[in-house]
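Student: I should like to discuss the side-chain contacts of this model. Could we begin with a single residue and work outward?

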Amino acid sequence: MLTRYHPFVTCLRLPRFPQHCRWFNTQWTIPKDCPACSSTKSKDYTPCLDCPKCHFVGASFSPFCPSCDSLQPPKPNACPVDYFALLDQPHKFDLDTTVAEQSYRKWQKRLHPDKVASVEGADTDAAAAHSALVNDAINVLRSPLKRAVHLLQLHASIDVDTEGEEGRPDPEVLVEMFQYNEEVDDADGDRAELERLSRENDERLKACEARLVELCDEAHDWESVRKEVIRMKFLVRLHDRLQGSPM
């Protein structure tokens, strides 16, 4: 299989629009140095973005081809997917999910087993896989933490859920979280104290979300976003622990 630079898509950091491509059955590769944003992280594009019916090349995976509206095969794991684009949302942390919920319901209506089964030759297994993908998308956009993680993946190719350097917390975050967990240990079932700690942690989470709005939507400082997201992960775990404590 040939490897060529995709003639229309250059970088995942840029707004991308589907284009009809005359080359297919090709492994697409984004140039290592994007001329528009100087990104040095390359990504490979697989033929999953190429509609098998009309060979319309999309910028991100969609259950139906944007050109011929045909149901697409199940998404391979390596195929890029943009949950924001899938649910008609801008790439923002500060998100009104009303439109996303509407898009979610629209997709689920189109992908309903009864509706798909009524179409001759339709792949019901593919529709079920797409329905699960749409469920993943709305769950990501509903959650501030998952939303920030996905923005990091899309804009900076950073995955904080890995065990490598990208997901490693700074020492000060570790010290902070050790202190907070120690306070929960010391509360030792004291209902009033646990409620106080829970309120304090909720305030920390709100402040964390406010910082992420500034860092993601205004400054686009993805390294600072990475650090804040890792801290937020710890705070969410602490929240879950406090919610599970007898109060």
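Tutor: Glu195 is partly exposed, with a relative accessible area of 30%; here buried means under 20% relative accessible area, exposed over 50%, and partly exposed in between (1.4 Å probe, protein chains only). This is a predicted model, in which local features need pLDDT of at least 70, side-chain atom pairs count only at pLDDT 80 or more, and totals for chains, interfaces and linings use all residues. Residues are numbered from 1 along each chain as its sequence is written, and side-chain values use heavy atoms, with hydrogens and water left out.

Student: Which side chain meets Glu195 in a salt bridge?

Tutor: A salt bridge requires a side-chain nitrogen of Lys or Arg within 4 Å of a carboxyl oxygen of Asp or Glu. Glu195 and its partner both lie in helix H7, four residues apart, about one turn of the helix; helices are DSSP runs (H or I, at least four residues) and strands likewise (E, at least two), numbered from the N terminus. At 3.3 Å, N to O, the partner is Arg191.

Student: Which residue forms a salt bridge with Arg241?

Tutor: Arg241 belongs to helix H8, and the pair links distant parts of the chain, 56 residues apart, with the partner in helix H6. The closest N and O atoms are 2.3 Å apart, and the partner is Asp185.

Student: What is the angle between the planes of Phe64 and Trp107?

Tutor: Rings of Phe, Tyr and Trp (its six-membered ring) pair if their centres lie within 6.5 Å; planes under 30 degrees apart count as stacked, over 60 as edge-to-face and the rest as tilted. Phe64 is buried at 10% relative accessible area, and Trp107 is buried at 7%. Their pair is stacked, with 6.0 Å centre to centre and a plane angle of 5°.

Student: Which helix gives the largest share of the largest nonpolar core?

Tutor: A nonpolar core is a set of buried Ala, Val, Leu, Ile, Met, Phe, Trp, Tyr and Cys residues joined through side-chain atoms within 4.5 Å. The largest one has 55 residues, and those with the most contacts inside it include Leu212 and Val225. The largest share, nine residues, comes from H8.

Student: Between which domains does this core lie?

Tutor: Domain bounds come from an automatic or database domain assignment. Both domains give residues to the core, so it lies between domain 1 (49-142) and domain 2 (165-244).
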